[in-house]
Amino acid sequence: MTRQWILLSVLAFMWLPALAEEEAPHRIAYVNAPWILNNSPQIKVVEQALKKAFSEREEALRKRQDELDALEDRLREEGQDLGEDEARQLERELVSGKRRLKISQQEFQEEVALRQNEELNKLRRQIREVVQAVAKSKRVDMVFETAVVFVSDRVDISKDVLDRLKQEFRATGFEGAGQ
């Protein structure tokens, strides 16, 4: 009988952890992804890289706008004193220049938006990976991001995620910005 008792005791001890895990409540957490994104040091690197990448072209567009404004002022001030052909030529030049500038500005805005989306998507992927790592380290079963009406501090892991992002930034920097 002692042998059977020992065997039953061993089996019971083997099953207790499995039963405890099944009966344990699920752990949930919440992250405020926009807050993390806006407060991460990586976002500042992305913003600086984009500004640097597009500043020359933005300045050229601004300069071209100033030139067209000066031409328009000249036409307005001297238009009556100019000959008919010269005034017509300046008007054509002004209309054509404004049209080209508008197209260039639209192309510029589209290119900036595309590049910004690429860089932000890289950062969002990094944030997603950090959220998963923090959730695993805290043994969280499910993480919510949106459509939450109330979140207590007990389940909000946003600060932990931001802290881990900052650690990664200090350790490796943010590769990919401006490339």
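Me: Which helix gives the largest share of the lining of the largest pocket?
Reply: In this predicted model, the largest pocket holds about 270 Å³ of space, and 14 residues line it, with Ala33, Ile127, Arg128, Val131 and Glu145 the closest to its centre. Two or more lining residues come from each of helix H2 (33-39), helix H4 (84-137) and strand E2 (142-144). The largest share of the lining, six residues, is given by H4.

Me: How many residues in the lining of the largest pocket are nonpolar, and how many are polar or charged?
Reply: The lining of this pocket consists of 14 residues, which can be sorted by class. One of these classes, the polar one, has one residue, while the charged class has four. The nonpolar class has nine.

Me: How do H3 and H4 pack, parallel or antiparallel?
Reply: Two packed helices are described by the angle between their axes and the distance between the axes. For H3 and H4 the axes lie 10 Å apart and the angle is about 170°. Because angles over 145 degrees count as roughly antiparallel, H3 is roughly antiparallel to H4.

Me: What classes of residue make up the contact of H3 with H4?
Reply: The contact belongs to two helices whose axes are 10 Å apart. Its residues divide into three classes, with seven of them polar and 14 charged. The remaining class is the nonpolar one, with 17 residues.

Me: Which residues form the aromatic pair, and is the pair stacked or edge-to-face?
Reply: A search of the whole structure finds one aromatic pair, and its partners are Phe54 and Phe108, whose rings are 5.8 Å apart centre to centre with 80° between the planes. Phe54 belongs to helix H3 and Phe108 to helix H4, 54 residues apart, and the pair thus links distant parts of the chain. Since planes over 60 degrees apart count as edge-to-face, the pair of Phe54 and Phe108 is edge-to-face.

Me: How are H3 and H5 set against each other, and which residues of H5 are met by H3?
Reply: The axes of helix H3 (residues 41-78) and helix H5 (residues 158-172) come within 8 Å and cross at roughly 55°, which makes H3 oblique to H5. By class, their contact has four nonpolar residues, one polar residue and one charged residue. On the H3 side the contact involves Pro41, Gln42 and Val45, and the H5 residues that they meet are Leu165, Lys166 and Phe169.

Technical notes
Residues numbered from 1 in each chain as written. Predicted model: local features only at pLDDT ≥ 70, side-chain atom pairs only at ≥ 80, totals over all residues. Heavy atoms only, no water. Axes fitted to C-alpha atoms, helices over the stretch in contact; angles between N-to-C directions. Helix = DSSP H or I, 4+ residues; strand = E, 2+ residues; numbered from the N terminus. Parallel < 35°, antiparallel > 145°, perpendicular 65-115°, else oblique. Contact = heavy atoms within 4.5 Å. Nonpolar A, V, L, I, M, F, W, Y, C, P; charged D, E, K, R; others polar. 1 Å grid on protein atoms, 1.4 Å probe; cavity = no way out; pocket = protein on both sides within 12 Å on 5 of 7 lines; lining within 4 Å. Points joined across faces, edges and corners; volume = space filled by probe spheres on them. Phe/Tyr/Trp six-rings, centres within 6.5 Å; stacked < 30°, edge-to-face > 60°.
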